[in-house]
Amino acid sequence: MAFSKKLKQLFFSGQKKNNWNGLINAYKPWLPVTNKTPIISLNEGGTPLIEVNSIANRIGKGVKVYVKYDGLNPTGSFKDRGMTMAISKAKEDGCEAVICASTGNTSASAAAYASKGGIKSFVIIPDGYVAQGKLAQALVYGAEILAIKGNFDKALDIVRELSEKYPITLVNSVNPYRLQGQKTAAFEIIENLGNAPDWLCIPMGNAGNISAYWMGFQEFFNANKSKKLPRMMGFQASGSAPLVEGRSISNPETIATAIRIGNPVNKEKALKAKESSNGKFSSVTDSEIIEAYKILGKEEGIFCEPASAASVAGLLKVKNDVPMNSTIVCVLTGNGLKDPDCAIKNNDAIFHTGVEAEISSITKKMGF
Ligand code: F0G
């Protein structure tokens with residue numbers, strides 16, 4: 001059967017999309033892998049860049065705002081980008097067990113990729129401060145979980161020490177392969193927009209992701225695949241803002257438990273990204289985070305976790321500094337389903353419970 005030219009284009013572009021098989025395969029020449037590296041993948045990456053007019057309209061000035069919805073990765077967060085690399089390299093090196101400290105997403109991702117690669121995983125988490133969805137994932141993916149009486153920073157100290165003393169590979173973002181995998185998000189943004197954005201707004205916890213994005217933007221810029229570099233705009237929750245305040249925070253607190261971190265391990269790299277990109281770090285309050293979280297849900301149909309909404313909350317907070325006609329990307333790092341408790345407590349929905357199963361009671365409630 002002969003295809004028309006248009007149909008052929010549609011057919012083959014569709015095929016290309018369906019053939020996506022993970023970011024290592026998509027960006028091999030840019031990553032430290034060889035033919036000997038076993039690729040442990042769940043087809044991560046290739047996440048959508050979505051234009052969000054409700055945010056652009058709140059800023060005006062002819063700006064275009066997009067979100068990089070990385071909550072659509074296989075375990076629901078950007079961590080999968082780094083984990084496909086970290087676990088593939090661990091497997092290549094013959095490692096039999098991995099360990100991480102986590103506020104939840106790293107543990108979910110490490111557990112999933114370790115299982116896929118036939119490796120054992122241990123995760124150390126702050127007891128009582130990990131969102132339910134993330135905990136559920138680590139349980140189902142088969143990690144061995146140690147919930148400690150201490151925060152993330154303490155957990156990270158512990159896993160760093162354990163990985164030095166025992167034959168177990170650390171897969172937190174101090175593992176350089178993590179950032180290598182995560183830099184591919186910058187490549188995807190450049191390919192989608194045809195250039196780098198003017199600003200990249202991103203939440204910061206341990207500050208690995210901002211460092212990875214900066215590396216990715218620089219690599220594509222140096223290879224002439226983009227004509228500019230973005231300003232790196234990093235945001236932290238105000239109760240947990242060591243990079244904004246320039247000091248460690250011993251008791252970080254925020255509703256955005258993913259970024260409840262007082263002593264970011266990638267501090268130096270993140271400060272360098274800020275300085276060399278002429279960027280800026282600012283903080284947002286929990287109520288500003290929730291405001292952005294609700295706007296994304298109600299006006300855009302996008303459900304992200306509170307830590308992710310910090311990027312949009314931050315952009316709205318500094319909107320007076322946004323130049324005319326600029327293109328801005330906010331990174332939505334994790335899926336809203338990760339933290340159902342937050343969703344149930346923070347929404348403006350009309351929710352009638354215990355309604356009689358009769359048309360008349362229902363229409364009465366609906367105001368007909
Ligand atoms: N957003 C989400 C949803 C996260 O889970 C994290 C970090 C960040 C942002 C911050 O990224 O640390 O690279 O600056 N979560 C880690 C974890 C700490 O254990 O899951 P970062």
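A polar contact is a pair of N or O atoms within 3.5 Å; within protein, one must be able to donate a hydrogen and the other to accept it, and residues adjacent in sequence count only if both atoms are side-chain atoms. Keep that rule at hand for the exercises below.

The model is predicted, with local features needing pLDDT of at least 70 and side-chain atom pairs pLDDT 80 or more, while totals for chains, interfaces and linings use all residues. Residues are numbered from 1 along each chain as its sequence is written, and side-chain values use heavy atoms, with hydrogens and water left out.

**Exercise 1. Find which residues come nearest to the ligand, and list side-chain polar contacts with the ligand.**

Step 1. Start with the surroundings: 20 residues lie around the ligand (a heavy atom within 4 Å). Ser102, Thr103, Asn206, Ala207 and Thr333 come nearest.

Step 2. Now look at individual atoms. The side chain of Asn105 places an N or O atom 2.8 Å from an oxygen atom of the ligand.

Step 3. Turn to ligand nitrogen. A polar side-chain atom of Thr333 is 2.6 Å from a nitrogen atom of the ligand, and one of Lys79 is 2.9 Å from a nitrogen atom of the ligand.

**Exercise 2. Describe how domain 1 and domain 2 meet.**

Step 1. Set the bounds, which come from an automatic or database domain assignment. Domain 1 covers 5-76 + 178-345, and domain 2 covers 79-174.

Step 2. Place the domains: their centres, taken over C-alpha atoms, are 22 Å apart. Domain 1 gives 49 residues to the contact and domain 2 gives 38, where contact means heavy atoms within 4.5 Å.

Step 3. Work out the area. About 3400 Å² is buried between the domains, 54% of it on carbon and sulfur atoms; this is the accessible area (1.4 Å probe) lost on putting the two parts together, summed over both.

Step 4. Count the polar pairs: 23 residue pairs are in polar contact across this interface, both residues at pLDDT 80 or more.

**Exercise 3. Trace the salt bridges of Glu188.**

Step 1. Apply the rule: a side-chain nitrogen of Lys or Arg within 4 Å of a carboxyl oxygen of Asp or Glu. The count comes to 17 salt bridges, and 3 are found across the interface of domain 1 and domain 2.

Step 2. Take the partners in turn. Glu188 pairs with Arg81 at 2.9 Å between the closest N and O atoms, and with Lys68 at 2.7 Å, N to O.

Step 3. Locate the second pair. Lys68 sits in strand 2 (residues 64-69) and Glu188 in helix 9, 120 residues apart; helices (H or I, at least four residues) and strands (E, at least two) are DSSP runs numbered from the N terminus.
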